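Trainee: Could you take one part of this model and walk me through it closely? I'd like to begin with the charged side chains and then see what surrounds them.

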Amino acid sequence: MTSDDIQRQRASLAETLRNANVGRFTDTFADLAQPAIELTERGSSGLSKLGGRPDLPHDLPWPTREKLSLHSTIEPFYTPEERAFLDRAAPLSFIAQIDLAALAPLPDFPNQGLLYLFYDTTFRGRGVDPERQSFRVLW
């Protein structure tokens with residue numbers, strides 16, 4: 001999408017807003033608009049999607065995180081159940097599947113195949129931590 005395309009879309013949005021009688025906020029709303037994608041539900045495999053089950057090839061195993069070691073200063077903050085869960089390998093949660101062929105070309109990025117995103121949602125409030133293998137990106 002070029003900057004000219006964006007300007008045309010903003011002009012179209014401004015016209016729609018004027019027709020909807022938004023009044024003095026028309027130009028402000030049109031200027032705030034950003035390029036976006038629309039996610040729609042389809043029943044086919046091999047397409048982009050959020051959540052659900054990924055269309056992993058049969059020879060690609062579901063990603064897991066390894067057993068985690070808790071630092072002694074934070075271990076008391078975990079329940080016995082949480083400690084037991086962290087003391088073993090666990091599957092990561094599927095987040096998204098992206099059909100790269102459906103995206104606009106990106107420099108130095110593959111333009112075909114599926115990109116899979118997985119994340120350890122067990123303790124999601126603690127963010128992405130490469131040291132504890134809390135996420136995987138597969139292609």
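Mentor: Asp-27 is partly exposed, at a relative accessible area of 48%; on this scale buried is under 20%, exposed is over 50% and partly exposed is in between, with a 1.4 Å probe and protein chains only. Keep in mind that you're looking at a predicted model: local features need pLDDT of at least 70 and side-chain atom pairs need 80 or more, while totals for chains, interfaces and linings use all residues. Numbering runs from 1 along each chain as its sequence is written, and side-chain values use heavy atoms, with hydrogens and water left out.

Asp-27 pairs with Arg-18 in a salt bridge, with 3.7 Å between the closest N and O atoms. The rule there is a side-chain nitrogen of Lys or Arg within 4 Å of a carboxyl oxygen of Asp or Glu. In general, side chains of opposite charge can pair when their charged atoms come close. Arg-18 also has a salt bridge to Glu-15, at 3.8 Å from N to O. Those two sit 3 residues apart in helix α1 (residues 3-19), so about one helical turn separates them. For the record, helices (H or I, at least four residues) and strands (E, at least two) are DSSP runs numbered from the N terminus. Neither end of that second pair is buried: Arg-18 is partly exposed at 42%, and Glu-15 is partly exposed at 40%.

The rule gives 4 salt bridges in total. One of them makes a good contrast: Asp-120 and Arg-65 meet at 3.1 Å, N to O. Asp-120 belongs to the loop between β5 and β6 (135-138) and Arg-65 to strand β2 (residues 64-65), so this pair ties together parts that are 55 residues apart in sequence. Both Asp-120 and Arg-65 are buried. Back on the partly exposed side, salt bridges with shared partners link Glu-15, Arg-18 and Asp-27 into one network.

Now step to the residue just before Asp-27. Thr-26 is part of helix α2 (residues 26-32), and it's buried at 4% relative accessible area. Its side chain makes a polar contact with the backbone oxygen of Gly-23 at 2.9 Å. That term covers N or O atom pairs within 3.5 Å; within protein one atom must be able to donate a hydrogen and the other to accept it, and residues adjacent in sequence count only if both atoms are side-chain atoms. Skipping neighbours within four places in sequence, Thr-26 is in contact (heavy atoms within 4.5 Å) with Ala-14, Leu-17 and Arg-18. So Arg-18 turns up again, since Thr-26 touches it and Asp-27 bridges to it.

Helix α2 also holds Leu-32, which is exposed at 59%. Leu-32 joins Phe-25 and Phe-29 in a nonpolar surface patch of about 300 Å². Patches take residues with over 30% relative accessible area and no salt bridge, joining like charges within 9 Å and nonpolar side chains (Val, Leu, Ile, Met, Phe, Trp, Tyr) within 5 Å.

For the buried counterpart, check the largest nonpolar core: 7 residues, namely Leu-56, Leu-92, Phe-94, Leu-114, Tyr-116, Phe-118 and Leu-138. Strand β5 (residues 114-119) supplies the largest share, 3 residues. A core here is a set of buried Ala, Val, Leu, Ile, Met, Phe, Trp, Tyr and Cys residues joined through side-chain atoms within 4.5 Å. Leu-56 comes from the loop between β1 (49-50) and β2 and is buried at 17%. Beyond four places in sequence, Leu-56 touches Trp-62, Tyr-116 and Phe-118. Phe-94, counted likewise, has contacts including Trp-62, Tyr-116 and Phe-118.

To place all this, the chain has 3 helices and 6 strands, in the order α-α-β-β-α-β-β-β-β. Of its 139 residues, 21% count as buried.

Conventions. Areas by Shrake-Rupley, 256 points an atom, 1.4 Å probe, with all protein chains shown as cover.
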